[in-house]
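Let's take a walk through this structure together, starting with what is covered and then moving on to the spaces inside.

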Amino acid sequence: MEKKNNWKAWLYLAPVIILMAVFTFYPLINTIGISFLADYDYTTGTSSGFTFDNFAFVLGLKGVESGGTVSYLTDVIQYAIPNTFIIVIVTVPLSIIIALLIAVGLNSIRWVKSVLQTIFFMPYVTNAIAVGMVFAVIFESTGLWNYVFGTMGTDWINNGASSANAMFALCVYIVWHALPYKILIFLSGLQNIDKQYYQAAQLDAAGKFKTLMNVTVPLLSPQILYIMITSFIGSFKEYSSVVGLIGKPGTSGDVGYRNMYTIVYYIYDSIAVNQTHYASAAALMLFIVILIFTLIQFKVSKTRVHY
Amino acid sequence: MEIRLVNLTKVFPGNPKKNIPDTRAVDNLDIVIPDGKLIGLLGPSGCGKSTTLYMIAGLLEPTSGEIWFGDEDVTRLSPEKRGIGLVFQNYALYPHMTVYKNIAFPLTNLLVEDPVVDEKGNKILAFYRKHVKALPTEIPTHLKGEKVKNPFKNGREEILKFDCSHIAGDPILDDKGEQLYVTRKRHLTKIEMDKLIRETAKLVQIEQYLTRKPNQLSGGQQQRVAIARALVKRPRVLLLDEPLSNLDARLRLQTREEIKRLQRDTGITTIFVTHDQEEAMSISDEIVVMKLGVEQQRDHPQEVYNDPKNMFVAQFLGTPPINMFNGHVKKGVLTIGDDVIREDLPKDLDEQDVYVGIRPEGFLVPADKKDYVFNINVDMIETMGRDISLVGSHKESIKPSFKAILDADTKVNVGPLAVGVKPNKCFVFLKDTEERVI
Ligand SMILES: Nc1ncnc2c1ncn2[C@@H]1O[C@H](COP(=O)(O)OP(=O)(O)OP(=O)(O)O)[C@@H](O)[C@H]1O
Ligand SMILES: [Mg+2]
């Protein structure tokens, strides 16, 4: 009897397992494999053997020899890695704090739940590229941003804009796009907090900010941890926002200029020019970095997250 | 401090669209709670006890009526300014804080006023600026010229401070006739807090649990932590909302003694909400019985028991509950079935059917007077150690059976029995209003 059940269970699971095997596990393992192959060509599937050099090439530690000249890949170490880390360090804390404040604000208004919740969720279901194009218009040198803030003529994302300006616009866009999902998660968490805790805090004359820091944040810590981990991972993989907002990897007419590169942007670009072995090496390194970050967060959360 | 509720009413608005009627949770409540006393607020579930408590605490705004603390009208005062300690029905301890931090939390917000002293250690007299202007000209020459925030009016009005030793003439008095000194508000220091926390923890006997989180404590311990948290800031009023409802029977007995002891030791005016009449009777100085938001009776527990105003109060108090019978009154004579029970009813009472309530301890076996006997049928005898409980039946009894509590030495057998009825344990209620006649 038990055996038959097992067999049936596997049968039900089979479609998922097969799909996962084909589209998740196999590519995953293959990526690791390819990252150790020299001069891998995915059209022919050939390579010139096992090597550790791909990692060194990607990080620009070792020159690539072709036609007698040695050239170093500098885009990753110069742009992609710093940009990715800036995005992570700026947008993750900022979007979490803003989302938390908005959620707390919304939670104190009763009619919000039904009406505003939908409105706030709209950006989340809107395509990142489409939203990016709207932001691209906003950040035109004659756009809404400059109009509202009186910074007419400043280039944010056009050709000739400085990296700092473009990064600023990019971060604004990423934070804005990241808010709705976080607000939604925080709101549902807030609605589960017993209001007696707030009544108790009020009777004890705790101010609004103190209540937020001493009651709301600790009681919301499971949701905050979840959001922190997922948005760290998401920010490390930022790519579509650059495409959506700027449309190309650099703020210059020069095709080779890639000052807005992110790690994942580099990975996609490498695949497009048949450098899958570099892409795989970069992907593997990104994976390890994300893994380390996530483990650190879990470790920290042991002492910070309650329940 | 005395608490006075004047015509206190709370209506929760309904929703006419969805056909939900308004709820009058508390209806014209008029109660005076004497200073330093423990009052039990007693009533069945949903009668508005918690609502009353929350209004006193300031968490709910009354629809109408007033709340007075001593001679201060606090009806519109926000909760944090009322100086209330509230123990919630489910404690509401912060789950992420240790017991120590839970108790410390109210203290971290507390502001104390210290007098400001000059270099000689003298307190500094305070004058309102407008008072200074009105002073004779020779006095302002001693003015040190330093401006200080007025501690009496939220810092909005400036005052000037003087060196005490130079002050001549009449001191400036506040409205209570006391001399004003310059004071400074400050938070408690860590050491002061620690002392208070440990004192309070000792009072409720939880010193050994200070480093634990609430979920590592038993219900009774959590309850004591909740009381400590409410007491630590030395509130003017302590409110307890069914604090014992989560405890088992033994712990409940023990804890209610502790609450009584604590209240007596601290002398804080306390309101204790419960739907358990025994609990209320045993620890309260006075009890208030409520029904559907309306006060039914307020008195010392024994008075309410011995002298209930109406049928609801009589039925609500006492375990086992009072036995109810259908009776008849004619020319001052009360009968149940064919038996005459009392003859001392008011003669002017119209002939009518009434309800008769007889407390379980109100039966006499054997009957002492020949002329007042009540013929009942004994179905069962339960021995309960100190007492025996007699389960009887009577055709006029409202319930299928009723209970009498008798001394253990009494000799009774199952079957028909003539018992006496103690007149002071036998109450008569009108059928229509359920008000008590005698
Ligand atoms: N927020 C509210 N909105 C509408 N009606 C309410 C609200 N809170 C309480 N009520 C109603 O007011 C009445 C009194 O409620 P309350 O909580 O004061 O009862 P209680 O005496 O404390 O009962 P219990 O012993 O069960 O705690 C009840 O009929 C309840 O349904
Ligand atoms: Mg209640």
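A residue counts as buried when its relative accessible area is under 20%, and as exposed when that figure is over 50%, with partly exposed in between. Keep in mind as we go that this is a predicted model.

Start with the cysteines. A:Cys171 has a relative accessibility of 9%, so this residue falls in the buried class. Over in the other chain, B:Cys426 is buried too, because its relative accessible area is just 1%. As for cysteine pairing, a search over all chains of the structure turns up zero disulfides.

Now stay with chain A and look at A:Asn259. You'll find A:Asn259 in the loop that runs between α11 (240–245) and α12 (263–272) of chain A. Loop or not, A:Asn259 counts as buried, because its relative accessible area comes to 2%. Its side chain has a partner as well: a polar contact at 3.0 Å links it to the side chain of A:Thr251.

Next, hop over to helix α8 of chain A, where A:Tyr197 sits. With a relative accessible area of 16%, A:Tyr197 is under the 20% limit and therefore buried. If you follow the chain from A:Tyr197 to A:Leu219, you cover 22 residues, and the C-alpha atoms of the two are separated by 9.8 Å.

Helix α8 of chain A is worth keeping on screen, as it leads us to the cavities. How many cavities of 30 Å³ or more does the structure hold? There are three. The largest of them has a volume of about 70 Å³, and its lining draws on both chains: A:Ala200, A:Leu203 and A:Asp204 from one, and B:Ile84, B:Gly85, B:Leu86, B:Phe88, B:Arg229, B:Ala230 and B:Lys233 from the other. In terms of elements, α8 (195–203) of chain A, β6 (84–87) of chain B and α5 (219–231) of chain B each put at least two residues into that lining. Strand β6(B) gives the largest share, with three residues. Sort the lining by class and you get six nonpolar residues, three charged and one polar.

The second largest cavity holds about 50 Å³ of space. Around it you'll see B:Ile227, B:Leu231, B:Leu238, B:Leu240, B:Ile259, B:Leu262, B:Gln263 and B:Thr266. Helix α5 of chain B turns up again here, joined by β12 (237–241) and α6 (249–266) of chain B, as the elements that supply two or more lining residues. Here the largest share comes from α6(B), which provides four residues. The class count for this lining is six nonpolar and two polar residues, with no charged ones.

Now zoom out to chain B as a whole. The domain assignment splits chain B into domain 1 (3–83 + 235–299), domain 2 (111–187) and domain 3 (321–430). Taken over C-alpha atoms, the centres of domain 1 and domain 3 of chain B lie 36 Å apart.

For a last stop, find helix α1 of chain B, which spans residues 49–57. Is this helix mostly covered or mostly uncovered? Mostly covered: eight of its nine residues are buried. Among them are B:Lys49, B:Thr51 and B:Thr52, along with B:Leu53, B:Tyr54 and B:Met55, and then B:Ile56 and B:Ala57. Just past the end of α1(B) comes B:Gly58, which adopts a positive phi of about 95°.

Conventions:
Residues numbered from 1 in each chain as written. Chains lettered and ligands numbered in written order. Predicted model: local features only at pLDDT ≥ 70, side-chain atom pairs only at ≥ 80, totals over all residues. Heavy atoms only, no water. 1 Å grid on protein atoms, 1.4 Å probe; cavity = no way out; pocket = protein on both sides within 12 Å on 5 of 7 lines; lining within 4 Å. Points joined across faces, edges and corners; volume = space filled by probe spheres on them. Nonpolar A, V, L, I, M, F, W, Y, C, P; charged D, E, K, R; others polar. Disulfide = S-S within 2.5 Å. Buried < 20%, exposed > 50% of the residue type's maximum accessible area, 1.4 Å probe, protein only. Domains from an automatic or database assignment. Polar contact = N/O pair within 3.5 Å; in protein donor to acceptor, adjacent residues only side chain to side chain.
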